[in-house]
Amino acid sequence: MSTVRPEATMRVRRPAASYDLTKSGVVESMKGVRPEPVTSEFVIIGRRHHPAKQVGQVITRQDRRDFSAGEVLRVMTQLGFTCRTRPATAPAPVAGSYQRASAMLGTPPIGLTS
């Protein structure tokens, strides 16, 4: 009597990459690619700001979930590209006590000022 063994799960590796990982190869690959809106880390290629994940996807032809933005930034920095993180929006300026009290009281209706 044979026992049924569950199949072993195996990670299938993608075939060898067929992309040119040089600065000129990256520039050539990104030609004609419209940059998506930048929300966090980005790579400056020419005069355009491309999100790191978009650059990684175009160059490797892999799904964006297969690599991290940090990996893309590390490689792009080594190739000589400028990589940055989008700054967080500045907090609203803190109003002084007079402005806070005025805002809480509201402004008087037009025509009722003394």
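Two strands are said to pair if DSSP finds at least two bridges between them, and this idea is needed for the hairpin of β1 and β2, in which two residues lie between the strands and G46 takes a positive phi near 70°. The model described here is a predicted one. The protein holds four helices and three strands, and from the N terminus on its elements run in the order α-β-β-α-α-β-α.

**Overall picture**

- Of the 114 residues of the protein, 18% count as buried.
- Among the contacts in the protein with a separation of 6 or more, 48% are accounted for by residues that are 24 or more positions apart.

**The sheet**

- Strands of a sheet pair through backbone hydrogen bonds, and this pairing can be either parallel or antiparallel.
- In this protein three strands form an open sheet in the order β2-β1-β3, and the pairing is antiparallel.
- The edge strands of this sheet are β2 and β3, each of which pairs on one side only, and the twist from one strand to the next averages 35°.
- Helix α2 packs on the sheet, where it touches β1 and β2, and the direction of α2 makes about 80° with that of β2.

**Strand β1 and its two partners**

- Strand β1, which covers residues 41–45, pairs with strand β2, residues 48–51, in the antiparallel sense over four bridges.
- Within this pairing, V43 has H50 as its bridge partner in β2, while I44 stands opposite H49 of β2.
- Strand β1 is also joined by four bridges to strand β3, residues 82–85, and these two strands run antiparallel.
- On this side, the bridge partner of F42 is R84 in β3.
- A residue counts as buried when its relative accessible area is under 20%, and four of the five residues of β1 are buried, so this strand is largely enclosed by the rest of the structure.

**Helix α2 against helix α3**

- Two packed helices are described by the angle between their axes and by the distance between the axes.
- The axes of α2 and of helix α3, which covers residues 69–79, come within 8 Å and cross at roughly 75°.
- Because angles of 65 to 115 degrees count as roughly perpendicular, this crossing makes α2 roughly perpendicular to α3.
- On the α2 side the contact is made by A52, K53, V55, G56 and I59, and on the α3 side by A69, V72, L73 and M76.

**A buried residue in α2**

- Q54 is found in helix α2, which spans residues 52–60.
- The relative accessibility of Q54 is 4%, and therefore this residue counts as buried.
- When residues up to four places away in sequence are not counted, Q54 touches V33, R34, P35, E36 and R64.

**Aromatic rings**

- The structure holds zero aromatic pairs.
- The ring of F81 nevertheless has a charged neighbour, for K23 lies over the face of F81, at 5.2 Å from the ring centre.

Technical notes
Residues numbered from 1 in each chain as written. Predicted model: local features only at pLDDT ≥ 70, side-chain atom pairs only at ≥ 80, totals over all residues. Heavy atoms only, no water. Buried < 20%, exposed > 50% of the residue type's maximum accessible area, 1.4 Å probe, protein only. Contact = heavy atoms within 4.5 Å. Phe/Tyr/Trp six-rings, centres within 6.5 Å; stacked < 30°, edge-to-face > 60°. Lys NZ or Arg CZ within 6 Å of the ring centre and 35° of its normal. Axes fitted to C-alpha atoms, helices over the stretch in contact; angles between N-to-C directions. Parallel < 35°, antiparallel > 145°, perpendicular 65-115°, else oblique.
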